[in-house]
Amino acid sequence: MADNLPPFPPEPPVMPPPPEPGPQPIPWEQPGYPALEALYETAKLLFTKPSEAFARMPVVGDLGRPLLFAVIFGWIGIIAAQIYNIAMRGAMWNFMPGMRGMQGFTLPVIWNVATMVLAPIFVLLGVFIWSAILHLFLMLVGGANSGFTATIRVVCYAGATQIFAVVPFCGGFIATVWAIVLEIIGLAAAHRTTQGKAALAVLLPIVLCCVCLAIVAAAFGAAIFGVLGRLR
């Protein structure tokens, strides 16, 4: 009787559990995300959780969205700075009414307006030049573990700090300092390197620039004192 029993069906193979989904890209690079909401949420993430923001930032792919992000915030910062320049110049003229008849006031205003109009070009040039400098120094300190695209993306998203330029007087300083902080965090995350190497890549060119300016200022000052000394 046992030989006539039907064979047991084979057990179904055990399927491995599906892999857990990775973190979604930052809102600005998520398809279908409303543009204004994505802009706000990405900036908010960069300001409140920068490590998470740069961990979610893609390090490869099309640069169109990151560059547009940088242009938007950079444009806002440049417009705000130029408006403050015009306002402060007008306030100075109110305190010095005897200078109103001078013709030199119109030309600076034209330059301010031209700067506002051409701001996107200036922002893009700044992004690529500064990214090239950062990537070069990152290579020198041995921290460039990803491509040049990753560095450009970090610089683009660190440009969100330009929104602080709307704050009078101290806004530019806040934007610069916070951009340095974001670039250090972003380079470390994008290039899978230490924050020490990322800090060196960001701070070394700034220090070198300051040293060069100090040398030039010292040489200029020495030349002025030399001329004054001969005139005595």
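**Entry 1: the buried arginine**

I began with arginine 153, which is buried at a relative accessible area of 1%. A reminder to myself before going on: this is a predicted model. What does arginine 153 form a salt bridge with? I found glutamate 29 as the partner, with the closest N and O atoms 2.5 Å apart. The two ends come from distant parts of the chain, 124 residues apart: glutamate 29 lies in the segment before helix 1 (35-48), and arginine 153 is in helix 6. I then checked the acid: glutamate 29 has 18% relative accessibility, so it counts as buried, the cut-off being under 20%.

**Entry 2: the other salt bridge**

How many salt bridges does the structure hold? I noted two. Besides the pair above, I looked up glutamate 52 and arginine 56, whose side chains meet at 3.3 Å, N to O. Both sit in helix 2 (residues 50-56), and because they are four residues apart, about one helical turn separates them. Glutamate 52 counts as partly exposed, at 35% relative accessibility.

**Entry 3: the largest pocket**

Next I went to the largest pocket, which holds about 540 Å³ of space. It is lined by 19 residues, and those closest to its centre are Trp130, Gly159, Gln162, Ala179 and Glu183. Which helix gives the most to this lining? I wrote down helix 7, with six residues. Helix 3 (64-95), helix 5, helix 6 (148-158) and helix 7 (171-190) each supply at least two residues of the lining.

**Entry 4: a nonpolar patch on the surface**

I then turned to the surface, where Val113, Val117, Leu118, Ile121, Phe122, Leu125, Ile129 and Ile133 form a nonpolar patch. Together they have about 700 Å² of accessible area. Two elements, helix 4 (106-117) and helix 5, give two or more residues to the patch. The largest share, five residues, comes from helix 5. I picked out leucine 125, which is found in helix 5, and its relative accessibility of 48% makes it partly exposed.

**Entry 5: a histidine on helix 5**

I stayed with helix 5 (residues 119-140) and looked up histidine 135 there. Is histidine 135 buried or exposed? I have it as buried, with a relative accessible area of 10%. I left aside neighbours within four places in sequence and listed the remaining contacts of histidine 135: Ala144, Ser146, Gly147, Phe148, Thr151 and His191. To close the page, I set two helix 5 residues side by side: histidine 135 is buried, whereas leucine 125 is partly exposed.

Conventions. Residues are numbered from 1 along each chain as its sequence is written. This is a predicted model: local features need pLDDT of at least 70, side-chain atom pairs count only at pLDDT 80 or more; totals for chains, interfaces and linings use all residues. Side-chain values use heavy atoms; hydrogens and water are left out. Buried means under 20% relative accessible area, exposed over 50%, partly exposed in between (1.4 Å probe, protein chains only). Contact means heavy atoms within 4.5 Å. Patches are made of residues with over 30% relative accessible area and no salt bridge: like charges are joined within 9 Å, nonpolar side chains (Val, Leu, Ile, Met, Phe, Trp, Tyr) within 5 Å. Accessible areas come from the Shrake-Rupley method with a 1.4 Å probe; for residues, only the protein chains shown count as cover. A salt bridge is a side-chain nitrogen of Lys or Arg within 4 Å of a carboxyl oxygen of Asp or Glu. On a 1 Å grid over the protein atoms alone, a cavity is a set of points where a 1.4 Å probe fits but cannot get out, and a pocket is an open set with protein on both sides within 12 Å along at least five of seven lines; lining residues have an atom within 4 Å of a point. Grid points are joined across faces, edges and corners, and a volume is the space filled by probe spheres set on the points.
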